[in-house]
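This report describes a protein for a reader meeting it for the first time. The sequence and the structure are shown below, and the sections that follow treat selected features in turn.

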Amino acid sequence: MVRDAKEEVDEIIKSQEADVSKAKKNFREDYSRETSRLKKKLILDRVGYGFAATQFINILFYLTGAPFFLIGIVNALKSSLSTTLSSLLKEYSKEGFISRRIITFSGLLFGFSFLFMAFAVSIKSPALFAVSLLFGSLGIVSYGDLFRQFINNEIKKQRFSLLLSKLAFSGIIITTFSLLLAGYLMNAIPITGQVFTMNLFGQVMSFRLYGYLIAFEITALAFILSSYIISKLNINITGKRKSISGFLSEYMKNLRSNTKRVLSNKYLLLLSLASIILAVFYSVINSFMGIYIFREYSHIFLGGFMNVAVMYGAALLFSFFAPVMTAKFRRVLGLAPMFVFGSLLLALLPLTVVYNANNFYAIIVANVLSVFGGAIIGSAQGLIANRLLNEADKSAFYVSSGMITVIPFLILVGILVALPSVIGFLALFEYLAYGIIILLMPLYLLLVFWSTKTKL
């Protein structure tokens, strides 16, 4: 009888062990499946971003016949809409609310916007291109921010962190390769298209292909497939659903409170002014530099789109190493030298275009160093904020400064993007370069001076 009881206990233990083993096996299979899907989704995103480089978009916008002012102001509106929506989503998702359907729909919206942009190029419609670009920007912000929130939540659970670290550099390689391939396609098949013929079952068929259309179709397909993969991922809706009207009311209340805090705090005010100057500089440079390189250097080096692809592909590759190099500079240099050096490097690209226009290789190097300059300033700004601001002030700056600066940003960009038609690109680039040095550097040096006084 004792042996029967022992055998029964053994059977129960074996059954429990089998259940545990089966559960572990199912978990490993589910995790492997989820990891494989996530890897495919991230690779597709990298391909899509490469074929849809901002500079290519602006060049094609220009080729629709759009005036420079429209190109610049639409880019500024795109940045403002992205900042506004991103700020709203970050606050709304603090409760942990993530909807797989919203992420999927946002990716689809972004993907399909490129098909409409390609159609706008073919019919030479700046208005349709502008509307498609703005809707696409809303899609990519929702898609990117909400998915990033999901990824951050999963990393906190120690999931996918190894996969993301492995894909960090390879993702940049994929994006760079896609960027170069898109440039090659747009160069090889001109904007007017090229007729191809093929013999199919004795019937000769002819059709016209467009390089930009192929590139944008690849982008659209990449993000549509990526959105489909998201729909298959095990993303749960967490947190509680909040009333939109109630959330907006609370958000506007916090925004007003943070605005008062920024205006009454000299540190916050100067940091916000510096952020406006940087944002204006980047917006105008990104709107017009690719167009200028495309127009002025189309008959040298690799020509047209490929010159733009090589120039920004080199900067993209370097961006992977920029954080490491910036950390080393931070240990060696003080805050003041970092701001001075970073500002000078940031201004190097427009200055090189103005004063060393005959050397395209120098422009490529200047663009790479300009990326490094931006990374140095970003790192130094984070350090100065930690020194000067308490937690409430830092929260006000990082959460609301983008929203607070939208209106002055749009006004300043609106003034600057009207200048190319009057004074030309070179004069505009010169003003931007010296503006960064004359306006940005003193603001940061004043903040450094205040930070040293507060430590004494």
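## A nonpolar patch on the surface

In this predicted model, five residues, F169, I173, L317, F321 and M325, form a nonpolar patch on the surface. The area of this patch is about 380 Å². Two helices, α6 (161-188) and α10 (304-332), each contribute at least two residues to the patch. The largest contribution is that of α10, which provides three residues.

One member of the patch, F321, belongs to helix α10. Its relative accessible area is 41%. F321 is therefore classed as partly exposed, since that category lies between the limits of 20% and 50%.

## The nonpolar interior

In soluble globular proteins, nonpolar side chains tend to be buried together. In this model, the largest nonpolar core comprises 114 residues, and F288 and F429 have the most contacts inside it. Helix α9 supplies the largest share of this core, with 18 residues. A further core of five residues lies apart from it and includes Y92, F247, Y251 and M403.

Which residues surround F429, once its neighbours within four places in sequence are left aside? F429 is in contact with I285, F288, M289, Y292, P350, V353 and V354. Among these contacts is F288, which is itself named with F429 as having the most contacts inside the largest core.

## A buried serine in helix α9

S287 is located in helix α9, which spans residues 266-296. With a relative accessibility of 1%, S287 is buried, because the limit for that class is under 20%.

The side chain of S287 reaches the backbone oxygen of S283 at a distance of 2.7 Å. When residues up to four places away in sequence are not counted, S287 touches N58, I71, G72 and N75.

## The loop between α4 and α5

The loop between α4 (100-122) and α5 (126-156) contains S125, and K124 is placed in this loop as well. Is S125 buried or exposed? S125 has a relative accessible area of 17% and is therefore buried, as the value falls under 20%. K124, by contrast, is partly exposed, with a relative accessibility of 46%.

The side chain of S125 reaches the backbone nitrogen of L128 at 3.2 Å. S125 also touches T64 and A120, with residues up to four places away in sequence not counted. The backbone of K124 has a phi near 55 degrees, which is a positive value in a residue other than glycine.

## The loop between α9 and α10

F301 lies in the loop between α9 and α10. Although F301 is not a glycine, its phi is positive, at about 55 degrees. Its relative accessibility is 39%, so F301 counts as partly exposed.

## The protein as a whole

The fold contains 17 helices and two strands. Of the 456 residues in the protein, 47% count as buried. Among contacts with a separation of 6 or more, 83% join residues that are 24 or more positions apart.

The accessible surface of the protein amounts to about 22700 Å². Carbon and sulfur atoms account for 65% of this surface.

Conventions. Residues numbered from 1 in each chain as written. Predicted model: local features only at pLDDT ≥ 70, side-chain atom pairs only at ≥ 80, totals over all residues. Heavy atoms only, no water. Helix = DSSP H or I, 4+ residues; strand = E, 2+ residues; numbered from the N terminus. Buried < 20%, exposed > 50% of the residue type's maximum accessible area, 1.4 Å probe, protein only. Polar contact = N/O pair within 3.5 Å; in protein donor to acceptor, adjacent residues only side chain to side chain. Contact = heavy atoms within 4.5 Å. Patch = residues over 30% accessible without salt bridge, like charges linked within 9 Å, V, L, I, M, F, W, Y side chains within 5 Å. Areas by Shrake-Rupley, 256 points an atom, 1.4 Å probe, with all protein chains shown as cover. Salt bridge = Lys/Arg side-chain N within 4 Å of Asp/Glu carboxyl O. Core = buried A, V, L, I, M, F, W, Y, C linked by side-chain atoms within 4.5 Å.
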